[in-house]
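Morning, everyone. Please have the sequence and the model open. I'll start with pockets and end at a metal site.

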Amino acid sequence: MATTIKTPEEIEKMRTAGQLAAEVLRMVGAQVQAGVTTGELDELCHDYIVNQQKAIPAPLNYRGFPKSICTSLNQVVCHGIPGDKVLKDGDIINIDVTVIKDGYHGDTSKMYYVGAPSVRGRRVTEVSLEAMRRGIAIVKPGVRLGDVGHTIQSWVESQSCSVVREYCGHGIGRRFHEDPQVLHYGRAGTGTEIQAGMTFTIEPMVNAGKPQTRLLSDGWTVVTRDRSLSAQWEHTILVTDDGHEVLTQLPGDEL
Ligand code: MF3
Ligand code: CO
Ligand code: CO
């Protein structure tokens, strides 16, 4: 499927979906603490999305995914399935929320510390946040997706961390995952040229150790092969005529 350029009407719907996804994260973030299970966080999000927002949690039943959010703890890279895992002091956790409102998707994730993080936990979390920020910062018409990947990879590797290769950002709109693929590594000056009206995610997965991953037997949970910590942040971005708008950033919040 080719990359779509969104119309002004579609962009307004993407804005709404993006803001709703961000509001779910703000709600659930306040509940992340030792003793809570990832399944309880999922239930809170599910009820909030369905009952308050009158929206749809996109992950639920997506290609058979069984829950409404992804919760990826410590060495889990992405697609962790909420369940009876109890959060404990020192854990780092990514919560990834995607909502569908009026037919359009908003996709965003953040890292949370449970109590005080370890030195390594804080470091991989901060490196991945800065990686996402640097990638977003250069988005404007005429820049190539390889420039985004190169910017992210250069930063992450300069910090002695690594970029996961098997999963990437993606176009987003009526469908959860559209073209183009937004790789978080690459060569400057290569790849698709960014155009105004594109909407895509930037969501670098950064490992404290080596980049390789392994898929667990549940068919979803992706972990670091070397069991090092992994962290990820994600925003949905609209390309504007002179730059970009972060659709999943709430007013007054920093990136
Ligand atoms: N939210 C993830 C992303 O950023 C995709 C999760 S797919 C699921 O693309 F099925 F695991 F929910
Ligand atoms: Co995404
Ligand atoms: Co996501």
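The largest pocket holds about 510 Å³ of space. A pocket here is an open set of points on a 1 Å grid over the protein atoms alone, where a 1.4 Å probe fits and protein lies on both sides within 12 Å along at least five of seven lines. The volume is the space filled by probe spheres set on the points, joined across faces, edges and corners.

This is a predicted model: local features need pLDDT of at least 70, side-chain atom pairs count only at pLDDT 80 or more, and totals for chains, interfaces and linings use all residues. Residues are numbered from 1 along each chain as written, chains are lettered from A and ligands numbered from 1 in written order, and side-chain values use heavy atoms, without hydrogens or water.

Back to that pocket. Its lining counts 26 residues, those with an atom within 4 Å of a point. Nearest the centre are Tyr62, His79, Cys168, His170 and His177. Strand β8 (a DSSP run of E, at least two residues) gives the most, four residues.

Now the metal. Which residues are the protein donors of the cobalt ion (ligand 3)? They are Asp96, through two OD entries, Asp107 (OD) and Glu234 (OE), at 2.1 to 2.4 Å. Donors are N, O and S atoms within 2.8 Å of the metal (3.2 Å for Na, K and Ca). Asp107 also bridges to the cobalt ion (ligand 2), and the two ions lie 3.3 Å apart. Asp96 sits in β4 and Glu234 in the loop between β13 and β14, so the pair ties together parts 138 residues apart in sequence. Both Asp96 and Glu234 are buried (under 20% relative accessible area, 1.4 Å probe, protein chains only).

Note on methods. Buried < 20%, exposed > 50% of the residue type's maximum accessible area, 1.4 Å probe, protein only.
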